[in-house]
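Subject: Structure for your review

Hello,

Please find the structure below, followed by notes on what turned up in it.

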Amino acid sequence: MGMNDFFGSVELLHRSMDVASLRYQVTANNIANSETPKYKKQYVNFESELKRAFESEENAKANPFKLTVTNPLHFGTPEGKSWLDVEPRRVTDWSTSVKANGNNVDAEEEAMTLVQIQEQYRLLTQLTSFQFSQLDVAMRSSK
C-alpha cells in the first residue's frame, strides 16, 4: 500500500480504530478483573503483525521470482502476506504475577492505558476526517 493511496490509508485508519476499540474493551476487562484471583491481564497485539505484513509485501515486490508448484507436497516460494489479512490478536500475559493471589493486573497502569487509547482513538478520527477533507478539496477544485 502506498501512503498516497487514499483508500488504503482510509482502510488502515479504519482498522486502527477497530483495534483501538478492541484494546479499550480488553483494558476495561482487565480493570474489572483487577481483584479476581489468578486472573491474568490481556493485551492486543496488532502493530507488530502489521509491520511484518508490510515487510512481507515489500520483500515480495523486491523479489518477484516464484517457484512453480505442481504438487501440494512441493515447497513453493513464500507468498507475501497482505496487511489486509492481519487481525488483532488478544494475548494473555502469563509471565508476570503482581499480587499474592496470582492476579497480575495493575489497575492504575490499566487506567493510564485507557487514557492513552482514548487519545489514540481521537487522533485516528481526526486523521480520518483530514483524509476526507482532502478528498473534498480535491473534488471541489476539479469542478
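The notes cover one helix and then the salt bridges. Please bear in mind that this is a predicted model.

Helix α3

Helix α3 takes in residues 107-141, which is 35 residues. At 1.5 Å a residue the helix should span 51 Å, and its end C-alpha atoms are indeed 51 Å apart, so the two values agree. At the N-terminal end, D106 acts as the cap, with a side-chain oxygen 3.2 Å from the backbone nitrogen of E108. E110, L114, I117, L124 and T128 of α3 are buried, and the cover over the buried residues of this helix includes α1 (6-32). L135, also in α3, is partly exposed at 31% relative accessible area. Together with F132 and M139, L135 makes a nonpolar surface patch of about 270 Å².

Salt bridges

The whole structure contains nine salt bridges, among them these:

- E87 with R15, closest N and O atoms 3.6 Å apart. E87 sits in the loop between α2 (47-62) and β2 (89-92) and R15 in helix α1, so the pair ties together parts 72 residues apart in sequence. E87 is exposed at 52%, whereas R15 is buried at 13%. E11 joins R15 and E87 in a network of salt bridges.
- K99 with E35, at 3.8 Å from N to O. K99 is in the loop between β2 and α3 and E35 in the loop between α1 and β1 (42-45), 64 residues apart.
- R122 with E119, at 2.7 Å from N to O. Both lie in α3, three residues apart, about one turn of the helix.

Regards

Conventions:
Residues numbered from 1 in each chain as written. Predicted model: local features only at pLDDT ≥ 70, side-chain atom pairs only at ≥ 80, totals over all residues. Heavy atoms only, no water. Helix = DSSP H or I, 4+ residues; strand = E, 2+ residues; numbered from the N terminus. Expected span 1.5 Å × (residues − 1). Buried < 20%, exposed > 50% of the residue type's maximum accessible area, 1.4 Å probe, protein only. Contact = heavy atoms within 4.5 Å. Polar contact = N/O pair within 3.5 Å; in protein donor to acceptor, adjacent residues only side chain to side chain. Patch = residues over 30% accessible without salt bridge, like charges linked within 9 Å, V, L, I, M, F, W, Y side chains within 5 Å. Areas by Shrake-Rupley, 256 points an atom, 1.4 Å probe, with all protein chains shown as cover. Salt bridge = Lys/Arg side-chain N within 4 Å of Asp/Glu carboxyl O.
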